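Hi there,

Here is the structure I promised to pass on to you. Have a look at it first, and then read on for my notes.

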Amino acid sequence: MNMQAGRKKKIEKTAKASKKQTRAAKKREQPHAAAEAAAQSREDFLFRNALNKRHEARRTLGMQDIIYNFEKETKELAYRYGYEIGEALFKHFNSDNTLSKMLESAGFGKILYYPFESKTMITSYAVDNLGMNSSIKMHDFEAGIMAGYLSQHSKTRLDAEEVHCKFAGSEFCQFVISQRTAVREAGEGIGDIDTASMMAMKALKGGKYGGACESYYLLESAPLEREPLRHIVRKMLFVLGKKISGKEEEAGREGNAAGKAAAFARLSGYAGVDAVSMAGKKPNALRLRYSHLNSASGFIDLSSSLLAGFANGAYKRKIKVVKRLNANGSYTVELQFL
Ligand SMILES: [Zn+2]
């Protein structure tokens, strides 16, 4: 009896201690958990938005598309992340036409969907290549979404390949989704920053978000916002921005202050900035305002990097990027001339 009581006490003591430990551990984890929960709810929100809003614009080429298509490795990354999005789409949001709706948000219009016995074919006529004709099939991210979604749906591992692409000279983008027979290999990428900047120049004419809906655009950029990739992509976008400024100059559009300001405003819209203004007395800074929806720290870093590169090239000044989180949860960034 005594022994039992003693043991009971001991167990209670241990339980108390472990509860204490768990609490302490929870406390330590809290900031991380809170950030994760916030990221999760943002992602959820983006998913719902992308699925529920009607979207009719045609896909051109977004900032992320240029990054993702840069080389084989980044194309592979786009596919893998698209796959995760596709899986999540089926698991958490599946209803009638979920995949079609998501692809509509991607700017793919009303897709043609043909389920055959051994494969599924999806075709989109809506993509607008803005007169670009490269040899690159640009839609690994979307191929990933299709593969992830249909794998969950059929409970078999499927893979998707874009067999025709508007950007590679076809009349449509077409995907074949089937069981994997060989190791999937990503195609060739853009490969050099000069070509990438020429593509970006053309893409600027396609307007905001590369023709995708805003929430889809933000979902697509999420993996680029995470370390260690964020660091690399930031540098790349800075160089890209600088190159674009050089191209604008060559085209004679940056001769005067008004031309520079107009080119900067165009690029800002493309990079998801809500409003641009000059700041300071001289003025000595460009102020970028981001909408609440676009205000994820990682996205702000990428977007402002592209613009800092442009400003560096156009104004021939060193740029300091100062990021400020406003009380209402949106970001303002100042590109200060040093
Ligand atoms: Zn395509």
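Let me start with one pair of residues: Ser277 stands opposite Arg287, which belongs to β6. That pair sits in a ladder where β5 and strand β6 (residues 285-289) run antiparallel, joined by 5 bridges. Before going further, please keep in mind that this is a predicted model.

**The sheet with β5 to β8**

β5 and β6 belong to an open sheet of 4 strands, and the pairing in this sheet is antiparallel. Reading across, the order is β5-β6-β8-β7. At the edges are β5 (275-279) and β7 (319-325), each of which pairs on one side only. On average, neighbouring strands of this sheet are turned by 20° against each other, with direction ignored.

**The sheet with β1 to β4**

There is also an open sheet of 4 strands in the order β1-β2-β4-β3, again with antiparallel pairing. Its edge strands are β1 (112-115) and β3 (158-164), and each of them pairs on one side only. From one strand to the next, the twist averages 15°. Within this sheet, 4 bridges hold β1 against strand β2 (residues 119-124) in the antiparallel sense. If you would like a pair to click on, Leu112 has Thr123 of β2 as its bridge partner.

A helix lies on this sheet too. Helix α5 (residues 140-154) packs there and touches β2, β3 and β4 (173-179). The direction of α5 makes about 145° with that of β3.

**Two helices packed together**

α5 has a helix partner as well. Helix α4 (residues 98-108) packs with α5 at an angle of about 170°, and their axes are 11 Å apart. Because angles over 145 degrees count as roughly antiparallel, α4 is roughly antiparallel to α5. On the α4 side, the contact is made by Leu99, Met102, Leu103 and Ala106. On the α5 side, Glu142, Ile145, Met146 and Tyr149 make the contact. Sorted by type, the residues of this contact are 7 nonpolar, no polar and 1 charged.

**How the two domains meet**

The protein chain is divided into domain 1 (52-210) and domain 2 (227-337). Their C-alpha centres lie 28 Å apart. Where they meet, 11 residues of domain 1 are in contact with 13 residues of domain 2. On the domain 1 side, α2 (63-68) and α6 (193-204) each supply at least two residues. The largest share of that side comes from α6, with 8 residues. By type, the domain 1 side that touches domain 2 divides into 8 nonpolar, 1 polar and 2 charged residues.

**A few backbone details to check**

You may want to look at some local geometry. Glu227 and Pro228 are joined by a cis peptide bond, with omega at about 5°. Pro228 lies in the loop between α7 (214-221) and α8 (229-250).

Two residues that are not glycine have a positive phi. Lys155 has a phi of about 55° and lies in the loop between α5 and β3. For Tyr209, phi is near 55°, and the residue is found in the loop between α6 and α7.

Are these two buried or exposed? Lys155 counts as exposed, because it has 7 C-beta neighbours inside 10 Å, and the cut-off for exposed is 12 or fewer. Tyr209 counts as buried, because it has 25 C-beta neighbours inside 10 Å, and buried residues need 20 or more.

**One more residue: Glu188**

Last on my list is Glu188, which is placed in the loop between β4 and α6. Glu188 has 13 other C-beta atoms within 10 Å, so it is partly exposed. What does Glu188 touch, leaving out residues up to four places away in sequence? The contacts are Lys72 and Ile136. Glu188 and Lys75 are 113 residues apart along the chain, and their C-alpha atoms are separated by 8.5 Å.

That is everything I wanted to hand over. Happy exploring!

Best wishes

Conventions. Residues are numbered from 1 along each chain as its sequence is written. This is a predicted model: local features need pLDDT of at least 70, side-chain atom pairs count only at pLDDT 80 or more; totals for chains, interfaces and linings use all residues. Two strands pair if DSSP finds at least two bridges between them. Axes are lines fitted to C-alpha atoms, for helices over the stretch in contact, and angles run from 0 to 180 degrees between N-to-C directions. Two residues are in contact if their C-beta atoms, placed from the backbone, lie within 7 Å. Domain bounds come from an automatic or database domain assignment. Ala, Val, Leu, Ile, Met, Phe, Trp, Tyr, Cys and Pro count as nonpolar, Asp, Glu, Lys and Arg as charged, and the others, Gly among them, as polar. Angles under 35 degrees count as roughly parallel, over 145 as roughly antiparallel, 65 to 115 as roughly perpendicular and the rest as oblique.
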